[in-house]
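User: I'm new to this structure and would like a close look at one part of it. Could you walk me through a place where two helices meet?

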Amino acid sequence: MNLDLKLSNEIWEGLVIDTELVQPAPTLQRPLLKNVLRKIGPFPEEALLLGLADDGFPVLLNLWDPAPGPILIAGDSETGKTDLLKMIANFVVSTHQPYEIQYGVMTARPYEWARYADYPHCIGVFSTQETGAMNLIRALAAWIEMHRNSRQSILLFVDELVDLIYWQSGLGRELRRLLLCGPENKIWPVVTVNLENPQAVAPWLGYFHTKIYGYTNYRSTIDNDGSQDAGFETLSNGVEFSLRENSQWIRFRIPR
């Protein structure tokens with residue numbers, strides 16, 4: 001199901017994609033995000049852009065529907081996982097007010113996110129090695145316990161899960177709480193994983209209902225979710241990702 005200029009589809013749940021788009025994109029160029037936004041027009045308050053399918057229609061996440069659960073972005077190193085997170089942050093800043101969506105970032109490379117830290121939408125950019133990351137996870141877990149009733153959504157970007165669980169090993173209970181109950185409270189973990197070394201995060205993969213894959217040659221490390229014939233090794237490195245919707249794999253490109 002597509003979101004067109006007139007938003008003619010009135011009912012949409014979870015991930016909104018055209019399930020008939022299964023062919024590789026005719027071009028592997030990344031469109032400019034500002035051009036995408038100009039062409040598509042205003043988005044609903046609850047819509048989060050993940051990318052563009054082959055016909056140019058958006059792949060969306062409905063932030064008011066918890067069914068997709070936390071989002072895992074997996075692939076080999078240097079395959080655009082961080083770029084996808086940054087595109088989502090740029091989309092939020094360009095289309096939403098801070099009272100609608102805010103985001104926090106946890107990363108081993110905070111300097112890569114310096115330009116995103118000053119936006120009013122940003123809760124903060126935290127090093128996975130420092131106490132700020134611990135404090136944010138505990139604060140968000142406590143927020144869930146308050147049973148808040150708000151229209152605001154919080155995106156928690158964790159750029160490389162293995163770094164977080166290595167340096168913040170004492171946060172297992174709070175992190176599991178966020179993964180299990182976050183989306184139904186409008187707190188959305190969006191987490192990247194390097195498939196070249198997945199052993200450290202293997203116990204956590206079952207918490208993710210929705211998995212987005214970038215280029216990888218390590219299909220044997222992926223759990224049995226029907227990915228054997230998904231063709232991840234044919235994805236354009238740093239440009240294309242693949243997402244499973246029902247029984248089909250949908251390729252999409254991320255704007256720049």
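Analyst: Happy to help; here is a walk through one helix pair, followed by a salt bridge and a word on confidence.

Please keep in mind that this is a predicted model. The pair to look at is α3, which covers residues 131-145, and α5, which covers residues 172-181. Their axes lie 9 Å apart and make an angle of about 50°. That angle is over 35 degrees and under 65, so the two helices count as oblique to each other. The crossing of α3 past α5 is left-handed.

Which residues meet here? From α3 come I137, R138, L140, A141, I144 and E145, and on the α5 side they find E174, L175, R177, L178 and C181. Seven of the residues in this contact are nonpolar and four are charged, with no polar ones.

Just past α3, the loop between α3 and β7 holds R151. This residue forms a salt bridge with E45, and their closest N and O atoms are 2.8 Å apart. E45 sits in the loop between α1 and β2, so to speak a long way back: 106 residues separate the two partners. In total, the model has six salt bridges.

Finally, how confident is the prediction? The mean pLDDT of the protein is 82, and 83% of its residues reach 70 or more. Residues 1-13 stay under 50, and residues 16-27 are also below 50. Where pLDDT is low, predicted coordinates should not be read in detail.

Conventions. Residues are numbered from 1 along each chain as its sequence is written. This is a predicted model: local features need pLDDT of at least 70, side-chain atom pairs count only at pLDDT 80 or more; totals for chains, interfaces and linings use all residues. Side-chain values use heavy atoms; hydrogens and water are left out. pLDDT is the predictor's confidence in each residue, from 0 to 100. Contact means heavy atoms within 4.5 Å. Axes are lines fitted to C-alpha atoms, for helices over the stretch in contact, and angles run from 0 to 180 degrees between N-to-C directions. Helices (H or I, at least four residues) and strands (E, at least two) are DSSP runs, numbered from the N terminus. Angles under 35 degrees count as roughly parallel, over 145 as roughly antiparallel, 65 to 115 as roughly perpendicular and the rest as oblique. A crossing is left-handed if the near helix is turned anticlockwise from the far one by less than a right angle, and right-handed if clockwise. Ala, Val, Leu, Ile, Met, Phe, Trp, Tyr, Cys and Pro count as nonpolar, Asp, Glu, Lys and Arg as charged, and the others, Gly among them, as polar. A salt bridge is a side-chain nitrogen of Lys or Arg within 4 Å of a carboxyl oxygen of Asp or Glu.
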